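Here's a quick walk through one protein chain and the ligand that comes with it. Have a look at the sequence and the structure first, then read on.

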Amino acid sequence: MSTDVGAPIIDIEGLSLAYERDGRRNVILQELDLAIPRGQFLVIVGESGVGKSTLLRVLIDLATPSSGTVTLNTDPNNRTPMALVFQDARLLPWRRVLSNVAFGLERMGMAKSERCERAQAMLSLVGLGDLGQRWPHQLSGGQRQRVALARALAVEPEVLLMDEPFSALDSFTREGLQDEVQRIQQKTCKTVLFVTHDIDEAVYLADRVVVLAGSPGRIAADVSIDLARPRQRRDAALVEAARTLRAELSRRSADL
Ligand SMILES: Nc1ncnc2c1ncn2[C@@H]1O[C@H](COP(=O)(O)OP(=O)(O)O)[C@@H](O)[C@H]1O
Ligand SMILES: [Mg+2]
């Protein structure tokens, strides 16, 4: 089977998800339709509890939809078509940085010399080429997130899922990492699904912003951010896009 490069890499149709608790059915996501083209930088925004993480969990098979379908048009020979980066880096404290990055490769059975080489290349890609022999506790929060990003990229996923990856960082560090992830995406042409509740972050990074809102969560807006890269944070068009999205979001939350 070969991959159809023209088809969306992820095609979500009529996806609903409910959890049963104490005999009660709690609908989290309702009737989502979302086709994600290959190479798109898609940002999902929405308030806390709306179901953003649940949607990512469905994509990596950690949660099962109640109805609807998710079609992945990834390479069938790729054992790790998706990798997920969380808000906290989740590094193994007893492994050095390089060995943390190589962890997934070890599990894939890659030979040691090859995995060290790949892990080193990924560390260099995220700007930490010199820190491979450090322990996680010797890094700053921003550096730890860079390591988590390197570890995710090391397994060569086709889709990078990022769940509020910079939310716990100070704004200066966060801006540096936003630039970094944008540069890496431009370089690698990966499909990125990035979750945030920060609208400025969303419009700065995204080709497209999808707003999840309501209870149960639905797609309330789907907006293209058609601005050249690299972008300037103070760019008038970007500021305007954020303002429009904010207004849309408060209007939708009032409606729902
Ligand atoms: N395993 C689970 N069992 C029951 N309810 C869950 C489970 N996981 C998440 N939820 C509920 O689903 C809703 C959406 O959660 P989540 O996807 O984490 O939201 P977000 O990431 O947008 O903040 C929340 O109300 C949460 O309590
Ligand atoms: Mg979440």
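Which polar backbone atom is 3.0 Å from an oxygen atom of ligand 1? That backbone atom belongs to glycine 51. Keep in mind as you read that this is a predicted model.

## Polar contacts to the ligand

Glycine 51 has company. A polar backbone atom of glycine 49 sits 2.7 Å from an oxygen atom of ligand 1. On the side-chain front, arginine 21 puts a polar atom 3.3 Å from a nitrogen atom of ligand 1.

How much of the ligand does the protein cover? On its own, ligand 1 has 560 Å² of accessible area, and the protein covers 64% of that.

## Who lines the site

Two elements give two or more residues each to the shell around ligand 1: strand 1 (10-21) and helix 1 (52-59). Helix 1 makes the largest contribution, with 3 residues.

If you want to find the shell in your viewer, start with Tyr19, Arg21 and Ile28. Then go to the run of Glu47, Ser48, Gly49, Val50, Gly51, Lys52, Ser53 and Thr54. Sorted by class, the shell has 5 polar residues, along with 3 nonpolar and 3 charged ones.

## The open sheet

Now zoom out a bit. The protein chain has 8 helices and 9 strands, and 6 strands form an open sheet. Reading across that sheet, the order is 5-6-7-3-8-9, with mixed pairing. At the edges you'll find strand 5 (82-85) and strand 9 (218-224), each of which pairs on one side only. Ignoring direction, neighbouring strands of the sheet are turned by 20 degrees against each other on average.

For a look inside the sheet, pick strand 3 (residues 41-45) and strand 8 (residues 208-213). These two run parallel and are joined by 4 bridges. A handy landmark here is leucine 42, which stands opposite arginine 208 in strand 8.

## Overall dimensions

What does the radius of gyration say about the chain as a whole? A compact globule with 256 residues would have a radius of gyration near 18 Å, and the protein chain has 19 Å, so the two agree. As for its extent, the C-alpha trace spans about 55 × 45 × 40 Å along its principal axes.

Conventions:
Residues are numbered from 1 along each chain as its sequence is written. Chains are lettered from A and ligands numbered from 1 in the order in which they are written. This is a predicted model: local features need pLDDT of at least 70, side-chain atom pairs count only at pLDDT 80 or more; totals for chains, interfaces and linings use all residues. Side-chain values use heavy atoms; hydrogens and water are left out. A residue is near a molecule or strand if one of its heavy atoms lies within 4 Å of it. A polar contact is a pair of N or O atoms within 3.5 Å; within protein, one must be able to donate a hydrogen and the other to accept it, and residues adjacent in sequence count only if both atoms are side-chain atoms. Accessible areas come from the Shrake-Rupley method with a 1.4 Å probe; for residues, only the protein chains shown count as cover. Ala, Val, Leu, Ile, Met, Phe, Trp, Tyr, Cys and Pro count as nonpolar, Asp, Glu, Lys and Arg as charged, and the others, Gly among them, as polar. Two strands pair if DSSP finds at least two bridges between them. Axes are lines fitted to C-alpha atoms, for helices over the stretch in contact, and angles run from 0 to 180 degrees between N-to-C directions. The radius of gyration is taken over C-alpha atoms; the globule rule is 2.2 Å times the number of residues to the power 0.38.
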